[in-house]
Amino acid sequence: MNIPDTARAQAQDLLDFIDASPSPWHAVQTCETRLQAAGFIRLEEVDRWTLSAGARHYVVRGGSSIIAFIVGQQGAADAGLRMIGAHTDSPGLRLKPKPAEDAAGMVRLGVEIYGGPILATFADRDLSLAGRVNVRTPGGFTTRLVHFAEPLLRLPNLAVHMNREVNENGLKFNKQTELPLLLGISEDGTKAEARFRQPIAELLGVEPGDLLTWELNAYDTQKGSFWGVDREFIANSQLDNLSSCHAALSALLATKEPQATCLCAFFDHEEVGSESAAGAGGSFVSDVISRLASSAGLDGEDQRRMLARSFFISADMAHGWHPNFPAAYEPCHHAVVNAGPVIKSNANQRYSTNADTAARFMAICAKAGVPCQQYAHRTDLGCGSTIGPIVASRLGIPSVDVGSPMWAMHSIRESAGVLDHTYMIAALTTSFTD
Ligand code: CO
(Lines give C-alpha, C1' and ligand atoms only; values in the text may rest on other atoms or scores of the structure.)
Protein backbone atom coordinates (compact mmCIF):
# COMPACT_ATOMS: atom_id res chain seq x y z
CA MET A 1 0.00 0.00 0.00
CA ASN A 2 1.42 3.34 -1.06
CA ILE A 3 1.36 5.89 1.77
CA PRO A 4 2.08 9.40 0.43
CA ASP A 5 4.51 11.55 2.44
CA THR A 6 1.76 14.04 3.31
CA ALA A 7 -0.37 11.24 4.80
CA ARG A 8 2.62 9.96 6.79
CA ALA A 9 3.30 13.46 8.10
CA GLN A 10 -0.33 14.04 9.08
CA ALA A 11 -0.47 10.71 10.92
CA GLN A 12 2.81 11.51 12.72
CA ASP A 13 1.35 14.89 13.68
CA LEU A 14 -1.68 13.09 15.11
CA LEU A 15 0.53 10.76 17.16
CA ASP A 16 2.47 13.78 18.50
CA PHE A 17 -0.83 15.52 19.29
CA ILE A 18 -2.02 12.52 21.32
CA ASP A 19 1.34 12.02 23.06
CA ALA A 20 1.13 15.65 24.24
CA SER A 21 -2.46 15.13 25.48
CA PRO A 22 -2.59 12.44 28.19
CA SER A 23 -5.79 13.90 29.73
CA PRO A 24 -8.73 16.02 28.49
CA TRP A 25 -7.15 19.09 30.13
CA HIS A 26 -3.94 18.47 28.23
CA ALA A 27 -5.90 17.90 25.01
CA VAL A 28 -7.40 21.37 25.39
CA GLN A 29 -3.97 22.82 26.18
CA THR A 30 -2.51 21.15 23.07
CA CYS A 31 -5.31 22.60 20.92
CA GLU A 32 -4.77 26.00 22.54
CA THR A 33 -1.05 25.96 21.75
CA ARG A 34 -1.74 25.18 18.10
CA LEU A 35 -4.53 27.75 17.84
CA GLN A 36 -2.36 30.48 19.36
CA ALA A 37 0.47 29.64 16.97
CA ALA A 38 -2.00 30.17 14.12
CA GLY A 39 -3.10 33.58 15.43
CA PHE A 40 -6.30 32.57 17.22
CA ILE A 41 -7.00 34.78 20.24
CA ARG A 42 -8.51 33.45 23.45
CA LEU A 43 -11.85 34.87 24.61
CA GLU A 44 -13.09 34.63 28.19
CA GLU A 45 -16.72 33.82 28.89
CA VAL A 46 -16.81 36.52 31.59
CA ASP A 47 -15.83 39.31 29.14
CA ARG A 48 -17.92 41.13 26.50
CA TRP A 49 -17.09 39.90 22.99
CA THR A 50 -16.72 42.05 19.91
CA LEU A 51 -16.27 39.96 16.77
CA SER A 52 -15.76 41.05 13.19
CA ALA A 53 -15.53 39.16 9.90
CA GLY A 54 -12.33 37.12 9.70
CA ALA A 55 -11.79 37.13 13.48
CA ARG A 56 -10.20 33.92 14.80
CA HIS A 57 -10.89 33.02 18.41
CA TYR A 58 -11.29 30.22 20.88
CA VAL A 59 -12.93 29.84 24.25
CA VAL A 60 -12.38 27.20 26.97
CA ARG A 61 -14.96 25.96 29.48
CA GLY A 62 -14.09 23.87 32.52
CA GLY A 63 -10.50 23.50 31.33
CA SER A 64 -11.40 20.40 29.29
CA SER A 65 -13.79 21.64 26.55
CA ILE A 66 -12.84 24.11 23.84
CA ILE A 67 -14.61 25.88 20.97
CA ALA A 68 -12.60 27.58 18.23
CA PHE A 69 -14.05 29.55 15.34
CA ILE A 70 -13.37 31.80 12.38
CA VAL A 71 -16.02 34.46 11.74
CA GLY A 72 -17.18 34.20 8.13
CA GLN A 73 -16.99 36.91 5.48
CA GLN A 74 -20.67 36.58 4.68
CA GLY A 75 -23.50 37.53 7.06
CA ALA A 76 -24.30 34.61 9.38
CA ALA A 77 -28.05 34.78 8.71
CA ASP A 78 -27.41 34.09 5.04
CA ALA A 79 -24.40 31.77 5.28
CA GLY A 80 -25.18 29.79 8.45
CA LEU A 81 -22.50 28.00 10.45
CA ARG A 82 -20.24 25.10 9.48
CA MET A 83 -19.61 23.14 12.63
CA ILE A 84 -17.62 20.07 13.61
CA GLY A 85 -17.89 18.46 17.04
CA ALA A 86 -15.72 15.84 18.74
CA HIS A 87 -14.77 14.85 22.28
CA THR A 88 -11.63 15.32 24.35
CA ASP A 89 -12.19 12.57 26.93
CA SER A 90 -11.37 8.87 26.76
CA PRO A 91 -12.48 5.97 28.94
CA GLY A 92 -10.08 4.85 31.64
CA LEU A 93 -9.19 4.95 35.31
CA ARG A 94 -9.54 8.09 37.46
CA LEU A 95 -8.07 8.56 40.92
CA LYS A 96 -10.53 8.87 43.78
CA PRO A 97 -10.52 12.06 45.92
CA LYS A 98 -8.64 10.15 48.66
CA PRO A 99 -6.89 7.45 46.64
CA ALA A 100 -3.95 6.39 48.80
CA GLU A 101 -4.30 3.10 50.62
CA ASP A 102 -1.77 1.02 52.56
CA ALA A 103 -2.08 -2.69 51.73
CA ALA A 104 0.37 -4.63 53.93
CA GLY A 105 3.20 -2.20 53.19
CA MET A 106 2.31 -1.56 49.55
CA VAL A 107 0.84 1.80 48.52
CA ARG A 108 -2.11 1.42 46.18
CA LEU A 109 -4.18 4.17 44.55
CA GLY A 110 -7.92 3.65 44.41
CA VAL A 111 -9.57 4.39 41.08
CA GLU A 112 -13.01 4.92 39.64
CA ILE A 113 -13.82 3.67 36.17
CA TYR A 114 -14.47 6.57 33.80
CA GLY A 115 -16.75 5.56 30.93
CA GLY A 116 -16.42 2.11 29.38
CA PRO A 117 -12.76 1.08 28.98
CA ILE A 118 -11.62 -2.47 28.12
CA LEU A 119 -10.24 -2.93 31.63
CA ALA A 120 -8.01 -5.89 30.81
CA THR A 121 -5.91 -3.69 28.50
CA PHE A 122 -4.80 -1.57 31.48
CA ALA A 123 -2.91 -4.50 32.99
CA ASP A 124 0.89 -4.68 32.60
CA ARG A 125 1.17 -1.27 30.90
CA ASP A 126 3.71 1.42 31.80
CA LEU A 127 1.10 3.70 33.35
CA SER A 128 1.51 7.17 34.76
CA LEU A 129 -0.65 10.07 35.93
CA ALA A 130 -1.97 13.12 34.11
CA GLY A 131 -4.67 15.69 34.73
CA ARG A 132 -5.13 18.74 36.90
CA VAL A 133 -4.52 19.58 40.55
CA ASN A 134 -5.68 22.55 42.58
CA VAL A 135 -2.98 23.97 44.82
CA ARG A 136 -3.61 26.26 47.80
CA THR A 137 -2.34 29.84 47.42
CA PRO A 138 -2.48 32.81 49.81
CA GLY A 139 -5.55 34.10 47.96
CA GLY A 140 -7.34 30.77 47.47
CA PHE A 141 -6.13 28.20 44.98
CA THR A 142 -4.66 27.87 41.52
CA THR A 143 -5.10 25.10 38.94
CA ARG A 144 -2.00 23.32 37.68
CA LEU A 145 -1.70 20.67 34.99
CA VAL A 146 0.15 17.53 36.02
CA HIS A 147 1.87 15.18 33.57
CA PHE A 148 4.37 12.61 34.78
CA ALA A 149 6.36 11.62 31.71
CA GLU A 150 7.86 8.47 33.28
CA PRO A 151 5.96 5.35 34.38
CA LEU A 152 4.73 5.80 37.95
CA LEU A 153 2.02 3.18 38.36
CA ARG A 154 1.13 -0.34 37.34
CA LEU A 155 -1.64 -2.88 37.41
CA PRO A 156 0.33 -6.16 37.34
CA ASN A 157 -1.58 -9.19 36.14
CA LEU A 158 -2.14 -12.20 38.31
CA ALA A 159 0.16 -15.01 37.13
CA VAL A 160 -1.48 -17.66 34.98
CA HIS A 161 -0.57 -20.17 37.72
CA MET A 162 -3.11 -18.48 39.98
CA ASN A 163 -5.62 -17.75 37.26
CA ARG A 164 -5.66 -20.99 35.30
CA GLU A 165 -8.83 -20.22 33.37
CA VAL A 166 -7.76 -16.77 32.16
CA ASN A 167 -7.51 -17.83 28.52
CA GLU A 168 -10.87 -19.57 28.63
CA ASN A 169 -12.83 -17.09 30.73
CA GLY A 170 -11.06 -13.83 29.85
CA LEU A 171 -9.23 -11.42 32.13
CA LYS A 172 -11.66 -10.03 34.71
CA PHE A 173 -11.08 -7.58 37.54
CA ASN A 174 -13.24 -6.94 40.55
CA LYS A 175 -13.74 -3.22 40.09
CA GLN A 176 -13.41 -2.28 43.77
CA THR A 177 -10.74 -4.64 45.05
CA GLU A 178 -8.57 -5.62 42.06
CA LEU A 179 -8.16 -2.37 40.10
CA PRO A 180 -6.19 -0.14 42.53
CA LEU A 181 -2.88 0.83 40.93
CA LEU A 182 0.41 -0.02 42.63
CA LEU A 183 2.49 3.07 43.43
CA GLY A 184 5.26 1.86 45.74
CA ILE A 185 6.39 0.64 49.13
CA SER A 186 5.44 2.59 52.24
CA GLU A 187 8.83 2.68 53.95
CA ASP A 188 9.58 3.48 57.58
CA GLY A 189 5.96 3.84 58.48
CA THR A 190 5.48 6.63 55.92
CA LYS A 191 1.79 7.03 55.44
CA ALA A 192 0.40 5.97 52.06
CA GLU A 193 -1.12 9.44 51.75
CA ALA A 194 2.33 11.06 52.03
CA ARG A 195 3.81 8.71 49.42
CA PHE A 196 1.05 9.71 47.03
CA ARG A 197 1.36 13.48 47.60
CA GLN A 198 5.15 13.65 47.51
CA PRO A 199 5.79 13.12 43.75
CA ILE A 200 3.00 15.52 42.74
CA ALA A 201 4.23 18.19 45.16
CA GLU A 202 7.79 17.74 43.87
CA LEU A 203 6.69 17.98 40.24
CA LEU A 204 4.79 21.20 40.93
CA GLY A 205 7.32 22.65 43.38
CA VAL A 206 4.76 23.08 46.17
CA GLU A 207 4.18 21.74 49.68
CA PRO A 208 2.41 18.35 49.83
CA GLY A 209 -0.12 19.77 52.28
CA ASP A 210 -1.12 22.46 49.75
CA LEU A 211 -2.52 19.92 47.25
CA LEU A 212 -6.26 20.44 47.68
CA THR A 213 -8.13 18.52 44.97
CA TRP A 214 -7.37 16.64 41.74
CA GLU A 215 -8.77 15.07 38.63
CA LEU A 216 -6.05 12.66 37.54
CA ASN A 217 -6.26 9.76 35.15
CA ALA A 218 -3.95 6.84 34.52
CA TYR A 219 -2.44 7.04 31.06
CA ASP A 220 -0.11 4.84 29.02
CA THR A 221 3.38 6.33 28.68
CA GLN A 222 4.09 4.34 25.49
CA LYS A 223 4.28 6.71 22.54
CA GLY A 224 2.26 6.32 19.36
CA SER A 225 3.66 4.10 16.62
CA PHE A 226 3.24 3.00 13.02
CA TRP A 227 2.80 -0.69 12.27
CA GLY A 228 2.03 -3.01 9.36
CA VAL A 229 4.08 -4.22 6.38
CA ASP A 230 3.89 -0.77 4.79
CA ARG A 231 3.50 1.00 8.14
CA GLU A 232 -0.02 1.73 6.97
CA PHE A 233 -1.53 1.56 10.47
CA ILE A 234 -1.09 3.59 13.64
CA ALA A 235 -1.42 2.61 17.28
CA ASN A 236 -1.85 4.86 20.30
CA SER A 237 -4.14 5.49 23.24
CA GLN A 238 -7.11 7.86 22.82
CA LEU A 239 -7.47 7.53 19.03
CA ASP A 240 -11.15 7.68 20.10
CA ASN A 241 -11.53 10.55 19.93
CA LEU A 242 -8.42 12.70 19.71
CA SER A 243 -8.12 11.59 16.06
CA SER A 244 -11.32 13.48 15.31
CA CYS A 245 -10.23 16.51 17.37
CA HIS A 246 -6.93 16.57 15.48
CA ALA A 247 -8.62 16.17 12.08
CA ALA A 248 -11.15 18.94 12.80
CA LEU A 249 -8.49 21.26 14.21
CA SER A 250 -6.23 20.63 11.21
CA ALA A 251 -9.18 21.47 8.94
CA LEU A 252 -9.89 24.70 10.81
CA LEU A 253 -6.23 25.74 10.73
CA ALA A 254 -6.16 25.11 6.97
CA THR A 255 -9.18 27.37 6.41
CA LYS A 256 -8.25 30.95 5.56
CA GLU A 257 -11.12 33.39 4.89
CA PRO A 258 -14.28 31.29 4.82
CA GLN A 259 -17.63 32.69 3.65
CA ALA A 260 -19.55 30.99 6.46
CA THR A 261 -18.47 31.06 10.10
CA CYS A 262 -16.52 27.84 10.81
CA LEU A 263 -16.53 26.35 14.28
CA CYS A 264 -14.93 23.37 16.05
CA ALA A 265 -16.36 22.24 19.39
CA PHE A 266 -14.45 19.65 21.41
CA PHE A 267 -16.31 18.51 24.52
CA ASP A 268 -15.35 16.66 27.67
CA HIS A 269 -17.65 14.05 29.27
CA GLU A 270 -18.87 12.33 26.07
CA GLU A 271 -17.86 8.94 27.44
CA VAL A 272 -20.10 9.45 30.48
CA GLY A 273 -23.18 10.83 28.73
CA SER A 274 -22.30 14.51 28.00
CA GLU A 275 -24.55 15.91 30.74
CA SER A 276 -22.32 18.53 32.36
CA ALA A 277 -21.64 22.27 32.15
CA ALA A 278 -18.74 21.67 29.77
CA GLY A 279 -20.25 18.64 28.00
CA ALA A 280 -22.15 18.52 24.72
CA GLY A 281 -25.41 18.30 26.70
CA GLY A 282 -24.62 21.61 28.43
CA SER A 283 -25.04 25.12 27.11
CA PHE A 284 -21.47 25.68 25.89
CA VAL A 285 -22.01 25.50 22.15
CA SER A 286 -25.38 27.29 22.19
CA ASP A 287 -23.91 30.03 24.39
CA VAL A 288 -21.06 30.59 21.94
CA ILE A 289 -23.44 30.59 18.96
CA SER A 290 -25.74 33.11 20.68
CA ARG A 291 -22.79 35.38 21.29
CA LEU A 292 -21.62 35.04 17.69
CA ALA A 293 -25.15 36.03 16.63
CA SER A 294 -25.42 39.01 18.99
CA SER A 295 -22.00 40.20 17.98
CA ALA A 296 -23.16 40.14 14.35
CA GLY A 297 -26.25 42.14 15.38
CA LEU A 298 -28.69 39.35 14.47
CA ASP A 299 -32.19 39.61 15.96
CA GLY A 300 -34.17 36.52 17.00
CA GLU A 301 -35.53 36.08 13.49
CA ASP A 302 -32.10 36.19 11.88
CA GLN A 303 -30.61 33.90 14.53
CA ARG A 304 -33.09 31.23 13.52
CA ARG A 305 -32.37 31.82 9.84
CA MET A 306 -28.68 31.34 10.66
CA LEU A 307 -29.37 28.03 12.44
CA ALA A 308 -31.61 26.81 9.62
CA ARG A 309 -28.72 27.28 7.19
CA SER A 310 -26.16 25.56 9.42
CA PHE A 311 -24.65 22.09 9.27
CA PHE A 312 -23.11 20.01 12.05
CA ILE A 313 -20.66 17.16 11.58
CA SER A 314 -20.29 14.97 14.65
CA ALA A 315 -16.88 13.35 14.23
CA ASP A 316 -16.20 10.27 16.34
CA MET A 317 -14.44 7.04 15.54
CA ALA A 318 -16.13 4.10 13.79
CA HIS A 319 -15.70 0.34 14.17
CA GLY A 320 -13.32 -0.98 11.52
CA TRP A 321 -13.98 -4.48 10.22
CA HIS A 322 -11.83 -7.08 12.02
CA PRO A 323 -11.15 -10.25 10.02
CA ASN A 324 -10.80 -12.37 13.18
CA PHE A 325 -14.30 -11.50 14.38
CA PRO A 326 -16.50 -11.45 11.27
CA ALA A 327 -19.60 -12.39 13.29
CA ALA A 328 -19.42 -9.13 15.24
CA TYR A 329 -20.25 -7.04 12.16
CA GLU A 330 -23.29 -6.32 10.02
CA PRO A 331 -22.42 -8.21 6.80
CA CYS A 332 -23.51 -5.43 4.40
CA HIS A 333 -21.93 -2.55 6.34
CA HIS A 334 -18.25 -3.31 6.74
CA ALA A 335 -16.18 -0.20 7.46
CA VAL A 336 -12.75 -1.14 6.18
CA VAL A 337 -9.60 0.44 7.65
CA ASN A 338 -7.76 2.70 5.17
CA ALA A 339 -10.85 2.88 2.92
CA GLY A 340 -12.09 6.32 3.94
CA PRO A 341 -14.41 8.20 6.33
CA VAL A 342 -17.42 6.26 7.59
CA ILE A 343 -20.96 7.65 7.72
CA LYS A 344 -22.67 6.10 10.75
CA SER A 345 -26.42 5.56 10.68
CA ASN A 346 -28.89 4.22 13.23
CA ALA A 347 -32.68 4.25 12.79
CA ASN A 348 -33.12 4.77 16.55
CA GLN A 349 -31.11 8.01 16.42
CA ARG A 350 -28.13 6.74 18.35
CA TYR A 351 -26.38 8.57 15.52
CA SER A 352 -27.74 11.86 14.19
CA THR A 353 -27.35 10.92 10.50
CA ASN A 354 -30.38 10.97 8.21
CA ALA A 355 -30.65 10.37 4.47
CA ASP A 356 -30.20 14.08 3.65
CA THR A 357 -27.19 14.66 5.87
CA ALA A 358 -25.56 11.40 4.71
CA ALA A 359 -25.99 12.47 1.08
CA ARG A 360 -24.52 15.87 1.94
CA PHE A 361 -21.45 14.28 3.52
CA MET A 362 -21.06 11.95 0.52
CA ALA A 363 -21.02 15.02 -1.71
CA ILE A 364 -18.40 16.65 0.53
CA CYS A 365 -16.19 13.54 0.23
CA ALA A 366 -16.64 13.48 -3.55
CA LYS A 367 -15.63 17.12 -3.73
CA ALA A 368 -12.60 16.44 -1.52
CA GLY A 369 -11.65 13.48 -3.72
CA VAL A 370 -11.81 10.92 -0.91
CA PRO A 371 -13.73 7.63 -0.72
CA CYS A 372 -16.39 7.16 1.92
CA GLN A 373 -18.16 4.22 3.53
CA GLN A 374 -21.43 3.53 5.37
CA TYR A 375 -21.77 1.76 8.70
CA ALA A 376 -24.67 0.27 10.59
CA HIS A 377 -24.33 -1.80 13.78
CA ARG A 378 -25.62 -5.36 13.92
CA THR A 379 -29.36 -5.35 14.62
CA ASP A 380 -28.92 -7.78 17.52
CA LEU A 381 -26.26 -5.67 19.26
CA GLY A 382 -26.76 -2.46 21.23
CA CYS A 383 -25.35 0.52 19.34
CA GLY A 384 -23.13 3.15 20.97
CA SER A 385 -23.93 6.84 20.64
CA THR A 386 -22.13 10.15 20.15
CA ILE A 387 -22.56 13.86 20.76
CA GLY A 388 -24.31 14.06 17.36
CA PRO A 389 -27.92 13.44 18.50
CA ILE A 390 -27.37 15.60 21.61
CA VAL A 391 -26.10 18.66 19.76
CA ALA A 392 -28.56 18.21 16.89
CA SER A 393 -31.55 18.07 19.23
CA ARG A 394 -30.41 21.03 21.33
CA LEU A 395 -29.62 23.28 18.36
CA GLY A 396 -32.16 21.95 15.88
CA ILE A 397 -29.73 21.87 12.98
CA PRO A 398 -29.08 19.10 10.44
CA SER A 399 -26.32 16.77 11.57
CA VAL A 400 -24.34 13.78 10.37
CA ASP A 401 -22.27 11.29 12.35
CA VAL A 402 -18.99 10.32 10.74
CA GLY A 403 -15.67 8.85 11.84
CA SER A 404 -12.53 7.06 10.78
CA PRO A 405 -12.61 3.27 11.14
CA MET A 406 -10.51 1.87 13.97
CA TRP A 407 -9.88 -1.32 15.93
CA ALA A 408 -10.08 -1.99 19.67
CA MET A 409 -12.18 1.03 20.57
CA HIS A 410 -11.76 1.83 24.31
CA SER A 411 -8.62 -0.28 24.65
CA ILE A 412 -5.70 1.64 26.16
CA ARG A 413 -3.88 0.86 22.89
CA GLU A 414 -6.19 1.43 19.90
CA SER A 415 -5.29 1.24 16.22
CA ALA A 416 -6.41 2.80 12.95
CA GLY A 417 -5.34 3.55 9.36
CA VAL A 418 -2.86 6.19 8.18
CA LEU A 419 -4.82 6.98 5.00
CA ASP A 420 -8.12 7.36 6.84
CA HIS A 421 -6.75 10.24 8.85
CA THR A 422 -5.66 12.09 5.74
CA TYR A 423 -9.03 11.41 4.10
CA MET A 424 -10.86 12.74 7.15
CA ILE A 425 -8.80 15.94 7.27
CA ALA A 426 -9.52 16.51 3.57
CA ALA A 427 -13.26 15.90 3.97
CA LEU A 428 -13.56 18.13 7.05
CA THR A 429 -11.55 20.90 5.38
CA THR A 430 -13.88 20.78 2.40
CA SER A 431 -16.93 20.87 4.70
CA PHE A 432 -15.89 24.28 6.01
CA THR A 433 -16.13 25.90 2.59
CA ASP A 434 -18.92 23.81 1.09
CO1 CO B 1 -15.78 8.32 20.97
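This is a short tour of two helix crossings and one buried asparagine in a predicted model.

**Stop 1: α6 and α11.** Start by selecting residues 239–253, helix α6, together with residues 418–433, helix α11. Their axes come within 8 Å of each other and cross at roughly 45°. That angle makes α6 oblique to α11, and the crossing is right-handed. Now show side chains: from α6 you want S243, H246, A247, A248, S250, A251 and L252, which meet H421, M424, I425, L428, T429 and F432 of α11. Colour this contact by class and you get eight nonpolar residues, five polar ones and no charged ones.

**Stop 2: α1 against α6.** Keep α6 on screen and add residues 5–19, helix α1. Here the axes come within 10 Å and cross at roughly 120°. α1 and α6 are therefore oblique to each other, and α1 passes α6 in a right-handed crossing. On the α1 side, pick Q10, D13, L14, F17 and I18; they meet L239, L242, S243, C245, H246 and L249 in α6. By class, that contact has seven nonpolar, three polar and one charged residues. S243 and H246 are worth labelling, since they face α1 here and also turn up in the contact with α11.

**Stop 3: N338.** Next, go to the loop between β15 (318–319) and β16 (342–344) and select N338. Is N338 buried or exposed? With 7% relative accessibility, N338 counts as buried. A polar atom of its side chain lies 3.2 Å from the backbone nitrogen of V418, a residue of α11. Leaving aside neighbours within four places in sequence, the contacts of N338 are M1, E232, F233, G417, V418, L419, D420 and Y423.

Conventions: Residues numbered from 1 in each chain as written. Predicted model: local features only at pLDDT ≥ 70, side-chain atom pairs only at ≥ 80, totals over all residues. Heavy atoms only, no water. Axes fitted to C-alpha atoms, helices over the stretch in contact; angles between N-to-C directions. Helix = DSSP H or I, 4+ residues; strand = E, 2+ residues; numbered from the N terminus. Parallel < 35°, antiparallel > 145°, perpendicular 65-115°, else oblique. Left-handed = near helix turned anticlockwise from the far one by under 90°. Contact = heavy atoms within 4.5 Å. Nonpolar A, V, L, I, M, F, W, Y, C, P; charged D, E, K, R; others polar. Buried < 20%, exposed > 50% of the residue type's maximum accessible area, 1.4 Å probe, protein only. Polar contact = N/O pair within 3.5 Å; in protein donor to acceptor, adjacent residues only side chain to side chain.
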